[in-house]
Amino acid sequence: MIAVKAHFDGKVLVPDEPVLLAPNQKVLLQIEPIDSPKASKPKRVFGAQPGAFTHVAPDFDEPLPDSFWVGEDDSK
């Protein structure tokens with residue numbers, strides 16, 4: 001087994017160091033996040049119950065303010 005740190009560029013996982021594998025070698029990836037940037041906070045889910053919403057605010061897809069997330073460590 002090989003453990004390699006990598007990052008997700010928005011489309012694919014990119015190794016942060018060289019990987020000694022033959023081209024087209026099939027592998028099994030087991031993803032374990034090693035940090036949790038604020039951008040990874042969950043977004044609100046729209047459409048989970050069809051017909052439940054008759055109006056959606058224009059800023060629905062905007063990130064929620066940090067004060068919304070209850071229980072986060074505010075001592076930073």
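Okay, let's start with contacts along the chain: among the contacts in the protein chain with a separation of 6 or more, 18% are between residues 24 or more positions apart. Keep in mind that what we're looking at is a predicted model.

So what does the secondary structure come to? In the protein chain we have zero helices and two strands. And how much of the chain is buried? Of the 76 residues in the protein chain, 5% are buried. As for the outside, the accessible surface of the protein chain is about 7800 Å², and carbon and sulfur atoms hold 58% of that.

Staying on the surface, there's a nonpolar patch to look at. Its members are I2, V4, F8, L13, V19, L21, V27, L29 and I31, and together they have about 830 Å² of accessible area. Let's pick out I2 from that group. You'll find I2 in the segment before β1, and β1 itself runs over 6-8. Is I2 buried or exposed? I2 counts as exposed because its relative accessibility is 54%, and the cut-off for exposed is over 50%.

Now, the largest pocket. There's a general idea behind this: if you roll a probe the size of a water molecule over the atoms, you see where empty space is left. Here, the largest pocket holds about 1000 Å³ of space. Its lining is made of 21 residues, and V4, A6, L29, Q30 and I31 are the ones nearest its centre. Two elements, β1 and β2 (13-15), give two or more residues to that lining. Which one gives the most? That's β1, with three residues.

One of those central residues deserves a slower look, and that's A6. It sits in strand β1. With a relative accessible area of 39%, A6 is partly exposed, since that value falls between the 20% and 50% cut-offs. Who does A6 touch, once we leave aside its neighbours within four places in sequence? A6 is in contact with V14, P15 and D16. Take D16 from that list: A6 and D16 are ten residues apart along the chain, yet their C-alpha atoms are separated by 4.8 Å.

Last stop, the backbone at N24. Most residues other than glycine have a negative phi. N24 isn't a glycine, and still its phi is positive, near 65°. Where is N24? It's in the segment after β2. And N24 is exposed, because its relative accessible area is 80%, against that cut-off of over 50%.

That's my tour, thanks for listening.

Notes:
Residues numbered from 1 in each chain as written. Predicted model: local features only at pLDDT ≥ 70, side-chain atom pairs only at ≥ 80, totals over all residues. Heavy atoms only, no water. Patch = residues over 30% accessible without salt bridge, like charges linked within 9 Å, V, L, I, M, F, W, Y side chains within 5 Å. Areas by Shrake-Rupley, 256 points an atom, 1.4 Å probe, with all protein chains shown as cover. Salt bridge = Lys/Arg side-chain N within 4 Å of Asp/Glu carboxyl O. Helix = DSSP H or I, 4+ residues; strand = E, 2+ residues; numbered from the N terminus. Buried < 20%, exposed > 50% of the residue type's maximum accessible area, 1.4 Å probe, protein only. Contact = heavy atoms within 4.5 Å. 1 Å grid on protein atoms, 1.4 Å probe; cavity = no way out; pocket = protein on both sides within 12 Å on 5 of 7 lines; lining within 4 Å. Points joined across faces, edges and corners; volume = space filled by probe spheres on them.
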